[in-house]
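Me: I'd like to learn how to read helix packing and empty space in a model. Could you walk me through it?

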Amino acid sequence: MTHAPVTAAPERSRTLLTRARILEAARQELGRGPDSSLGDIAEAAGVVRRTVYGHFNGRAALVEGLVEEAAQALRRAVSVPRVPVADAVTELARFVLAVWPVGDRYRILLRLAPQDLGADRLAEVLAPARDMAEAIIGRGQRQGVFQTSVPPVVLTRALEGHLLGLLDCVNSGVWSDDGTGTATAALIAMGVAGDSAATCVHGLVRPEDDAA
């Protein structure tokens with residue numbers, strides 16, 4: 001009589017689920033208070049501190065886990081296949097609408113101490129989004145739909161600062177948005193007329209209204 005080989009798959013699945021639960025608890029607890037302890041996070045995750053340390057050897061490792069999770073989500077957001085459009089205004093609006101939910105979900109990272117998330121690590125996380133935004137902005141400048149007074153790389157960093165600033169305002173409770181207001185404001189900042197910017201974003205998020 002032969003026995004089926006024992007597989008480690010179920011145990012690995014449980015381990016991954018526990019890790020994900022700890023990260024989700026960390027995101028929520030740090031959102032309530034950036035100084036939340038590992039004990040607070042363990043309690044919120046429904047595990048003991050020893051379990052947290054089994055996955056992350058300290059606060060820095062836990063924060064890095066959140067950063068990597070955010071980086072993966074951002075890479076997925078900018079790599080989703082989309083129907084190509086020649087219009088850079090529409091393309092930039094789609095870009096902002098795609099990345100805003102990721103930034104909103106992980107905006108707590110902006111409230112952590114500088115030593116928790118260094119400038120170099122932040123640049124690494126944002127690199128795929130920066131590259132895509134710069135390409136879109138450069139195309140928009142060549143099309144004459146974005147301002148041309150500064151180079152694309154500078155406008156890209158200005159757009160990044162705009163988005164990060166709005167996310168920080170969400171943290172502070174003075175701004176709330178599903179991405180539409182942010183996308184509209186981003187287009188206006190690039191030099192698009194307000195009415196045109198609002199019409200573009202409205203058409204992307206409520207296409208059924210235009211078809212009615």
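Reply: Happily. Axes are lines fitted to C-alpha atoms, for helices over the stretch in contact, with angles running from 0 to 180 degrees between N-to-C directions. Helices are DSSP runs (H or I, at least four residues), numbered from the N terminus. This is a predicted model, where local features need pLDDT of at least 70, side-chain atom pairs count only at pLDDT 80 or more, and totals for chains, interfaces and linings use all residues. Residues are numbered from 1 along each chain, and side-chain values use heavy atoms, without hydrogens and water.

Me: At what angle do helix 4 and helix 6 cross?

Reply: Helix 4 (residues 59-79) and helix 6 (residues 119-143) cross at roughly 5°, their axes coming within 10 Å. Helix 4 is therefore roughly parallel to helix 6 (angles under 35 degrees). Contact (heavy atoms within 4.5 Å) involves residues including Val 67, Ala 71 and Leu 74 of helix 4 and Val 125, Leu 126 and Met 132 of helix 6.

Me: Which residues of helix 8 are buried?

Reply: Buried means under 20% relative accessible area (1.4 Å probe, protein chains only). In helix 8 (residues 180-189), these are Thr 180, Thr 182, Ala 183, Thr 184, Ala 186 and Leu 187. They pack against helix 5 (88-105), helix 7 (152-172) and helix 9 (194-205). After helix 8 comes Gly 191, with a positive phi near 115°.

Me: And the empty space?

Reply: Rolling a probe the size of a water molecule over the atoms reveals where space is left empty. On a 1 Å grid over the protein atoms alone, a cavity is a set of points where a 1.4 Å probe fits but cannot get out; lining residues have an atom within 4 Å of a point. The largest cavity holds about 440 Å³, a volume being the space filled by probe spheres set on the points. Among its 25 lining residues, Leu 74, Gly 103, Leu 126, Leu 164 and Leu 167 are the closest to its centre.

Methods. Helix = DSSP H or I, 4+ residues; strand = E, 2+ residues; numbered from the N terminus. Parallel < 35°, antiparallel > 145°, perpendicular 65-115°, else oblique. Buried < 20%, exposed > 50% of the residue type's maximum accessible area, 1.4 Å probe, protein only. 1 Å grid on protein atoms, 1.4 Å probe; cavity = no way out; pocket = protein on both sides within 12 Å on 5 of 7 lines; lining within 4 Å.
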